[in-house]
Amino acid sequence: MVAQNVFFSILALLMIASALKVVSTKNIVHAALWLVLVLAGVAGQFLLLGAEFVGVTQILVYIGAVIVLLLFGVMLTKANIGEEENINMPNRAIPAVIATLMFAVMSYSIIDSFRGEKLPKETVTNAATVSDSIFSDFIIPFEAVSVLLLAALIGAVVIARKETA
Amino acid sequence: MIDLLALSPAWWQETFLIKVPIGLLAVLLPAGTIVYLYLFKAISFMQSRLGPMEAGPYGSLQLLAEVGKWIQKEDIFPSKADKFVFAAAPFVVLMSTFLLVVVIPAGPDALFVDLDAGIYFAMAISSVSVIGILMAGWSSANKYSLLGGIRAAGQLIAYELPLILAVVGVVIQAGTMNMQGIVLSQAEGEIFGWGGIGNPFILTQFIGFAIFMIAVQAELTQAPFDMPVAESELVTGYLTEYSGIRFLLFFIGEFASAGVFSAIAAVLFFGGWYVPGIDPANQIFNVIGPLVLAAKMMLIAFLIFWFRFTFPRFREDQLQRLAWKFLIPLSLANIALTGVLKVAA
């Protein structure tokens with residue numbers, strides 16, 4: 001467990017430093033690239049916890065798809081090289097307050113729900129266990145999420161489509 | 001493999017002294033072989049010429065000469081480029097290739113890591129190389145490079161879906177995402193009760209194999225899907241500004257990932273390191289397995305390069321239409337059919 005704690009700290013420090021760079025850098029593409037490091041750190045933390053499937057999904061969905069789409073969108077519209085002025089929000093006090101509140105609520109709920117509980121040593125949740133629980137215990141939430149995603153997809157198509165009348 | 005030598009090295013010794021050098025070899029050797037056999041020789045024979053003949057017997061040392069040339073060239077940075085991103089981009093692409101090779105098994109014990117979700121990991125890691133390509137395209141401060149990068153991103157997003165969906169059919173049939181498990185289920189499979197050659201999934205998943213190879217062709221941006229590097233329109237796209245050793249890194253990345261994807265296809269559809277007639281638990285596979293896998297890999301890589309040399313380039317809209325309107329529905333139908341037959345059988 002000592003090695004896990006050491007690697008947790010290294011990854012956590014890396015993630016915090018990168019997250020600060022995401023909001024402080026003056027270049028929008030650099031911000032996205034720092035975000036890659038943050039998300040890769042999250043994947044690493046999942047792997048440290050033995051949640052292999054979730055960690056790999058994190059890489060596939062967030063780094064392989066979300067960030068790529070983000071970079072794609074930024075580069076299609078506006079992506080200058082070098083520092084940009086006016087990249088910071090003028091009224092950034094309100095989001096800062098909201099982020100702090102979110103952080104407080106989430107840390108409280110995590111600490112509260114796992115109070116004193118420790119992970120069993122060297123547990124690896126394999127993909128079969130994950131799929132068994134999704135398709136038996138959590139089948140209703142799973143179906144609800146699928147319908148939600150489908151609705152979002154159709155909504156995107158409707159918005160993007162040209163009216164031909 | 002290590003057990004055979006009756007050694008018990010520490011974790012760091014095993015990683016840095018055994019696995020890392022073998023991993024480098026497993027990426028670079030197939031890449032070099034592919035470049036010499038296919039890019040230098042096969043294309044030359046298809047075009048009725050000899051190809052490189054001067055360096056070494058039949059030009060076999062040509063690649064070493066090329067590498068030497070690239071290494072000694074000046075490492076040029078465009079003056080308006082974003083220096084750090086420009087310098088880092090080839091490493092991101094190469095890292096994704098090197099991480100791919102770790103999940104490919106080459107024998108019962110000859111493997112780097114035995115991940116439970118091996119093929120899923122491979123698909124996830126292969127999508128990271130897009131970020132390197134976008135970094136290269138953007139940081140070059142060149143319109144052609146940016147266009148190439150954006151084309152590459154659009155193409156790779158579109159073809160990632162059929163690639164993963166084609167793999168799902170194999171995963172359903174094998175009942176596992178573990179690469180070793182996929183090899184064993186083919187080795188121990190039976191065709192209508194006859195187990196003579198096992199059950200290579202190319203027979204039952206032929207549609208999946210075809211979709212997989214088309215998607216791989218597009219993921220590797222090989223012709224006919226080479227719009228991101230189209231030299232006649234975009235002056236080789238995101239590679240325009242790269243020279244010297246950084247171009248070499250991109251070049252290695254391109255051919256090494258062709259080799260790695262061929263090896264993945266060999267594992268998924270051709271039984272990986274298994275050859276019929278020998279019990280898959282036999283220890284001899286730790287020795288001949290890597291060779292068998294390499295032979296299957298080279299055959300599949302020949303398919304990739306055969307297409308590359310003989311097909312004209314698609315247009316951008318044809319490329320997108322092929323992925324979204326044809327390959328993805330077809331692969332979904334393949335998954336549904338495989339699922340039904342799996343439950344019925």
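## Contact between α3(A) and α6(B)

In this predicted model, four residues of α3(A), namely A:Val68, A:Phe72, A:Met75 and A:Leu76, meet B:Leu146, B:Gly149, B:Ile150, B:Ala153, B:Gly154 and B:Ile157 of α6(B). By class, the residues of this contact are eight nonpolar and two polar, with no charged residue.

Helix α3 of chain A covers residues 52-77, and helix α6 of chain B covers residues 143-174. Their axes lie 10 Å apart, and the packing angle is about 145°. The crossing of α3(A) with α6(B) is left-handed.

## The side of chain B that touches chain A

Across the two chains, 20 residues of chain A are in contact with 26 residues of chain B. On the chain B side, at least two residues come from each of α4 (118-126), α5 (129-139) and α6. Helix α6(B) gives the largest share, six residues.

Sorted by class, the side of chain B that touches chain A consists of 20 nonpolar, three polar and three charged residues.

## Fold of chain B

Chain B has 13 helices and zero strands. It is as compact as a globular protein of its length, because its radius of gyration, 21 Å, is close to the 20 Å that the globule rule gives for 345 residues. Along the principal axes, the C-alpha atoms of chain B fill a box of roughly 65 × 50 × 45 Å.

Of the 345 residues in chain B, 48% count as buried. Counting contacts in chain B between residues at least 6 apart in sequence, 79% join residues at least 24 apart.

## Two residues with positive phi

Most residues other than glycine have a negative phi. Two loop residues of chain B are described here for their positive values.

B:Ser48 is not a glycine, yet its phi is positive, about 55°. This serine is found in the loop between α1 (11-46) and α2 (62-72) of chain B. B:Ser48 has 6 other C-beta atoms within 10 Å, so it is exposed, the cut-off for that class being 12 or fewer.

B:Ala141 also has a positive phi, near 55°, and is a residue other than glycine. B:Ala141 lies in the loop between α5 and α6 of chain B. Both of these helices supply residues to the side of chain B that touches chain A. With 18 other C-beta atoms within 10 Å, B:Ala141 is partly exposed, because a buried residue needs 20 or more.

Terms used. Residues are numbered from 1 along each chain as its sequence is written. Chains are lettered from A and ligands numbered from 1 in the order in which they are written. This is a predicted model: local features need pLDDT of at least 70, side-chain atom pairs count only at pLDDT 80 or more; totals for chains, interfaces and linings use all residues. The radius of gyration is taken over C-alpha atoms; the globule rule is 2.2 Å times the number of residues to the power 0.38. Two residues are in contact if their C-beta atoms, placed from the backbone, lie within 7 Å. Axes are lines fitted to C-alpha atoms, for helices over the stretch in contact, and angles run from 0 to 180 degrees between N-to-C directions. A crossing is left-handed if the near helix is turned anticlockwise from the far one by less than a right angle, and right-handed if clockwise. Ala, Val, Leu, Ile, Met, Phe, Trp, Tyr, Cys and Pro count as nonpolar, Asp, Glu, Lys and Arg as charged, and the others, Gly among them, as polar.
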